[in-house]
Amino acid sequence: MSTAKTIPSPNIWHWPRLYEAENDAQDVDGRIPAALHRIAPWDGRTIVDVGCGTGYHLPAFAERASQVVGVEPYAPLLRAARERTAALANVDIRSGHAESLPLEDASVDIVHARTAYFFGVGCGPGITEAMRVLRPGGSLVVVDLDVSASPYGDWMRADLPRYDATAVEAFFDAQGFALERVDTVWRFEDRRTLRDVLGIEFTGRTAARAARSIPGLDIDVRYRLHRRRKPAGLELY
């Protein structure tokens, strides 16, 4: 039996509808999925979304993948993901954690985790588990916010002064990950939604300052894509 503990994700746990609006606003030009598909194409393959939440990204994966597995530990989000994907025959939603995936050895082609609290410095068990379930030649891809980039990173650093972006990138580099940065635009339908989303991501003071600094409905946000490939066989250097 797994002894893994669920790490709370306050924004989506407490404000799932508002988090849905945040997802709708993110990356309006589709630059992240384009970059993901370039470095780890999932056409006809099996892709796993670790910490899939309400399953927001699963339908898009299902359009090209042969099988999509969403893994989520929090029961309310698990139910929401199953409701969202009920009509998709190639999507399977399972209860589980990053460090104890409910999957067989060498059974998937891509493990995907997006803005996941459990993938950062010290996430060795999660990386090891991803390598276990990946087939040779498969990829683990971690999509994370680039805290070194303005303006979003400025707000994150204001609330998390001890966060060391350089140390995080050094950690992934030491674990054998390649790094790619992707600049995106978040676009909201109205100012109220923009302010409310900032309010679930930052402290009240930081959220208010951030809202004042954005005159319109768009926010520039940079991401980091960390990718580690499982060797397909003996590799000589």
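**Exercise 1.** Locate Ala 106, then state the sign of its phi and how accessible it is.

Solution. Step one: Ala 106 lies in the loop between strand 3 (91-95) and strand 4 (108-114); helices (H or I, at least four residues) and strands (E, at least two) are DSSP runs, numbered from the N terminus. Step two: its phi is near 50°, a positive value in a residue other than glycine. Step three: Ala 106 is partly exposed, at 35% relative accessibility. Buried means under 20% relative accessible area, exposed over 50%, and partly exposed in between (1.4 Å probe, protein chains only).

The model is predicted: local features need pLDDT of at least 70, side-chain atom pairs count only at pLDDT 80 or more, and totals for chains, interfaces and linings use all residues. Residues are numbered from 1 along each chain as its sequence is written, and side-chain values use heavy atoms, with hydrogens and water left out.

**Exercise 2.** Find the loop that holds Asp 27 and decide whether the residue is buried or exposed.

Solution. Step one: the loop runs between helix 2 (16-25) and helix 3 (31-39). Step two: Asp 27, not a glycine, has a positive phi of about 50°. Step three: with a relative accessible area of 10%, Asp 27 is buried.

**Exercise 3.** Describe the peptide bond from Ser 150 to Pro 151 and place Pro 151.

Solution. Step one: the bond is cis, with omega near 0°. Step two: Pro 151 sits in the loop between strand 5 (134-145) and helix 7 (152-159). Step three, for background: most peptide bonds are trans.
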